[in-house]
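Biologist: I should like to request a close look at a single part of this model, followed by a connected account of its surroundings.

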Protein chains: 2
Amino acid sequence: MTAVQAQPRVALTDEAKAEFKALLGERFSTSGAVREHHGKDESYHTPFPPDGVAFATSTAEVSAIVKICAKHKLPIIPFGTGTSLEGGIAALHGGVCIDVSGMKEILRLSPEDLDVTVQAGVTRKQLNEYLRDTGLFFPIDPGADASLGGMASTRASGTNAVRYGTMRENVLGLTVVLPDGRVIKTGGRARKSAAGYDLTRLFVGSEGTLGIITEVTLRLYGIPEAVSAAVCPFKDIRGAVDTVIQTIQSGIPVARIELLDEVQMDAVNKYSKLDYAVAPTLFFEFHGTQRGVEEQAEMVAAIAAENGGTEFAWATRPEDRSKLWQARHDGYYAALALRPGAKGWPTDVCVPISRLADCILETKRDIAQSSLLAPLVGHVGDGNFHLVYVIDPDKPEEMAEAKRLNDRMVARALAMGGTCTGEHGIGYGKMEFLEQEAGEAFAVMGDLKRAFDPDNIMNPGKVVRV
Amino acid sequence: MTAVQAQPRVALTDEAKAEFKALLGERFSTSGAVREHHGKDESYHTPFPPDGVAFATSTAEVSAIVKICAKHKLPIIPFGTGTSLEGGIAALHGGVCIDVSGMKEILRLSPEDLDVTVQAGVTRKQLNEYLRDTGLFFPIDPGADASLGGMASTRASGTNAVRYGTMRENVLGLTVVLPDGRVIKTGGRARKSAAGYDLTRLFVGSEGTLGIITEVTLRLYGIPEAVSAAVCPFKDIRGAVDTVIQTIQSGIPVARIELLDEVQMDAVNKYSKLDYAVAPTLFFEFHGTQRGVEEQAEMVAAIAAENGGTEFAWATRPEDRSKLWQARHDGYYAALALRPGAKGWPTDVCVPISRLADCILETKRDIAQSSLLAPLVGHVGDGNFHLVYVIDPDKPEEMAEAKRLNDRMVARALAMGGTCTGEHGIGYGKMEFLEQEAGEAFAVMGDLKRAFDPDNIMNPGKVVRV
């Protein structure tokens, strides 16, 4: 955690308010409840409500809102579903939150090209619901039913990134409103291009600090002919992690390979009323042709058996698979339920796969020696894992202990050639870690921010220091 | 072609020369032959020799060279193997070429993490030779034995991008010397990261206009258990293209799927002394397990048969496959050999796959109605295809006709939602097309360039207008 104090604020003047009202009418709000709702994310971070919330319905409207903000030098905070985890939506300097959750149109679908263009407020579940009868799906799945604009902004990934990549690989193009209100389109619908600077990848993961994403063009995939899923407990966590490492090194194209430690399995059993073994466990999913899925499953089962995997429990019916993955996705809430009234401090790191076992084992040793409860889950096929410190944020000693553990885990990941966050992003919670990781390149990111946003109005106080 | 005139040059003073000599000794050259060699690429573009060539051996040395250039505001042109196609190495404003072809060290290999770090001058063939006994390979294959630094700079791809992606997807991190001589590291070895701006993807494809890439960290892949390749002629080109479209839409993970039109097949037969049918032809390669490869081949053969594919000729022995792909890669030289003494104007576009047949057919109709010879080849699985206008650049009417055809082809691709270049890059040859394609985003690219390189010394006159 970065101890964030109240920051200098730019006042929302009556003049600016009148301009917003003229543009949006009832869709501009300064009510306490609306502001509160838009100031807090799903984590332990202190809420920072904005001074006003503008509900946009189109790119043109976002542009008009941004122009008013630019004129008055008001900070702008983009908001999709509020499911970010590192304080990305906190209005540290006040200003206006632009809520795009009303931008829910699917603008264009080309089944024959496996791509789609959506407004930024469309969520991943809404998109997959829309695609239901087409034989296509959008795979990226960060757990929360996040907006696709928010997912692009934070370079989201999740359980099946090991096969399908992250938002970095699956965004083909964007419509972006720049800090001066100009609208640009980046990328396009061609599968590859050597035409100029890759502005798409620059905005993906920039967390609203360079512009607001209003439309997203995404890659889609054919629903595989065959899907099967399985759960396999292990004698110890090293055996589970070694199974993952060997699976990835063998080039087996698993669609999902998730680790839950024994603490998390206990939480999942209690929360989702299941009776899995309370042991380090891998959750698998295989996609392909019937023969391909069988072949992958055989190869992985052989690797698991050599590493102390005790038994594969298969889920081949869609409803059983849904139940299995729902239990996995509820992991965060299951962790919190271990201690009623507690809050979660979720964090993640990502390391080269050869260092994954060491990183996880050393981290678990640290936790065992501390007073905190901290279940571990991981998208381990990517070398990425998560902890949730289950804490009472009002107890300074617990916050200090969580900070100590977190600092040590990030330092460990960086020393192993890893990154301070595989998928949660920087927000304001991990800015110091980004500086440690990027070195001189952190200064270059600041230069870039200043070039795009000289008045520092786009989500100020996040990602980079200006 | 952009008609490029002599540009204002910054003189290489005796003072600057003395500084380069003090730093590099014999490795700084102003000899006519060396300068000529570094001023011309493999295309029809007019050569523009630099005023001096600096042969660098390390990142620190590149940084020192750049600092001298920055002090004297001398243009800098990075040079790998000189195999670019859009004038990327032309010293339009004079200045100093930094030749990194001597930076040939493999700095680190982690077989267990499937990654490697190399100096920028290592070529793709050198890397694969080095990997020979590890069971790993680096797939990206633009035809030429280009340097990996150059391939990163131009966002190269090639025949198997359809399965393995382009340099965009396969560069994990970079070491870059900025226009002021500072050295930064971008990205890292973690498979995914949500940590800050994606500087790696910003430098990949920036063609040396934002900084010089001196080291590249790359993804590697396990050599597949089974590989098979085949050649299949078609009754007509639409049948061949429809086979590609249906293969991609079915999600069959072909490793290569290349189209050669009947003109190109005739050239290949003559140049490589082969006796393939002179008909539109697809070259395939399949990678996977033994069973997987068989399954893919069966599915593709069924699709081809439905679309007028007459017969698959299989090449399962490695030496036969090498011969097949060598013939494909020699396509450019084969095209030139159709008209002794002629030069090639190679060009490429990329469109959404559903528009590929229309784009190719309309383009071939245009060529048929012109006086020029222009064989067509394509990485058609990506929607990407190439033409080579076989011309005499000294005949203005031929240049004008090639320009007319090229303008029409690019306009056609853009109208179909495609891009003006799938893999050759912008250089100075396609800057006007990039402007048409990117619209307002072209201005943003210029802003970015100015922020990184306020004195416009990094490969000036390429990609963006400043």
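Which residues of helix α10 (residues 262-272) of chain B are buried?

Modeller: The model is predicted, and the description that follows should be read in that light. In helix α10 of chain B, the buried residues are B:Val263, B:Gln264, B:Met265, B:Ala267 and B:Val268. An α-helix has 3.6 residues a turn, so residues three or four places apart point the same way. The buried residues of α10(B) pack against the strands β13, β14 (281-288) and β17 and against the helices α12 (318-329) and α13 (331-337), each of these in chain B. After α10(B) comes B:Lys273, which has a positive phi near 50°.

The three strands in that list belong to an open sheet of chain B, which has seven strands in the order β15-β12-β14-β13-β17-β18-β16 with antiparallel pairing. The edges are taken by β15 (313-315) and β16 (343-350) of chain B; each has a single partner strand, and therefore one side of each is left without a neighbour in the sheet. From one strand to the next, the twist averages 20°.

Within this sheet, β13(B) may serve as the point of departure. Its pairing with β14(B) is antiparallel and comprises five bridges, and B:Leu260 stands opposite B:Thr281 of β14(B). Strand β13 (residues 256-260) of chain B is also joined to β17(B), by two bridges and again in the antiparallel sense. In that pairing, B:Leu260 stands opposite B:Val377 of β17(B).

Strand β17 (residues 376-379) of chain B is covered on both faces. B:Leu376 and B:Gly378 lie on one side, B:Val377 and B:His379 lie on the other, and all are buried. In a regular strand the side chains alternate between the two faces of the sheet. The pairing of β17(B) with strand β18 (residues 384-391) of chain B is antiparallel, over four bridges, and here B:Val377 stands opposite B:His386. The hairpin formed by β17(B) and β18(B) has four residues between the strands, and B:Gly383 takes a positive phi near 80° in it.

Of the helices against which α10(B) packs, α12(B) also has a relation to the sheet: α12(B) lies across β12 (226-233), β13, β14 and β15 of chain B and runs at about 50° to β12(B).

Another pair of helices in chain B deserves mention. Two packed helices are described by the angle between their axes and the distance between the axes. For helix α14 (residues 356-368) and helix α15 (residues 396-415) of chain B, the axes come within 10 Å and cross at roughly 165°. This makes α14(B) roughly antiparallel to α15(B). Their contact is made by B:Cys359, B:Glu362, B:Thr363, B:Asp366 and B:Ile367 from α14(B), and by B:Leu405, B:Arg408, B:Met409, B:Arg412 and B:Ala413 from α15(B). The crossing of α14(B) and α15(B) is right-handed.

The account now turns to the relation between the chains. A turn of 180°, with a shift of 0.0 Å along the axis, lays chain A on chain B with an RMSD of 0.0 Å. The two copies are thus related as by a two-fold rotation axis. Their contact takes 69 residues from chain A and 69 residues from chain B. On the side of chain A that touches chain B, at least two residues each are supplied by several elements, including β9 (183-187), α11 (290-306) and α16 (431-438) of chain A. The most is given by α17(A), with seven residues. Because 100% of the interface residues of chain A are also interface residues in chain B, the copies meet through the same surface.

The segment after α17 (440-452) of chain A holds A:Arg465, which is partly exposed, with 13 other C-beta atoms within 10 Å. Leaving aside neighbours within four places in sequence, A:Arg465 is in contact with A:Met431 and A:Gly446. Between A:Arg465 and A:Met445 the C-alpha to C-alpha distance is 8.6 Å, although they are 20 residues apart in sequence.

Strand β9(A) leads to an open sheet of five strands in chain A, with the order β5-β6-β10-β8-β9 and antiparallel pairing. Its edges are β5 (106-110) and β9 of chain A, each with a single partner strand, so one side of each is left without a neighbour in the sheet. Neighbouring strands of this sheet are turned by 10° against each other on average, direction ignored. Four bridges link β5(A) to strand β6 (residues 115-119) of chain A in the antiparallel sense, with A:Ser110 opposite A:Asp115 of β6(A).

Methods. Residues are numbered from 1 along each chain as its sequence is written. Chains are lettered from A and ligands numbered from 1 in the order in which they are written. This is a predicted model: local features need pLDDT of at least 70, side-chain atom pairs count only at pLDDT 80 or more; totals for chains, interfaces and linings use all residues. A residue is buried if 20 or more other C-beta atoms lie within 10 Å of its own, exposed if 12 or fewer, and partly exposed in between; C-beta atoms are placed from the backbone. Two residues are in contact if their C-beta atoms, placed from the backbone, lie within 7 Å. Copies are superposed by least squares on the C-alpha atoms of residues with pLDDT of at least 70 in both. Two strands pair if DSSP finds at least two bridges between them. Axes are lines fitted to C-alpha atoms, for helices over the stretch in contact, and angles run from 0 to 180 degrees between N-to-C directions. Angles under 35 degrees count as roughly parallel, over 145 as roughly antiparallel, 65 to 115 as roughly perpendicular and the rest as oblique. A crossing is left-handed if the near helix is turned anticlockwise from the far one by less than a right angle, and right-handed if clockwise.
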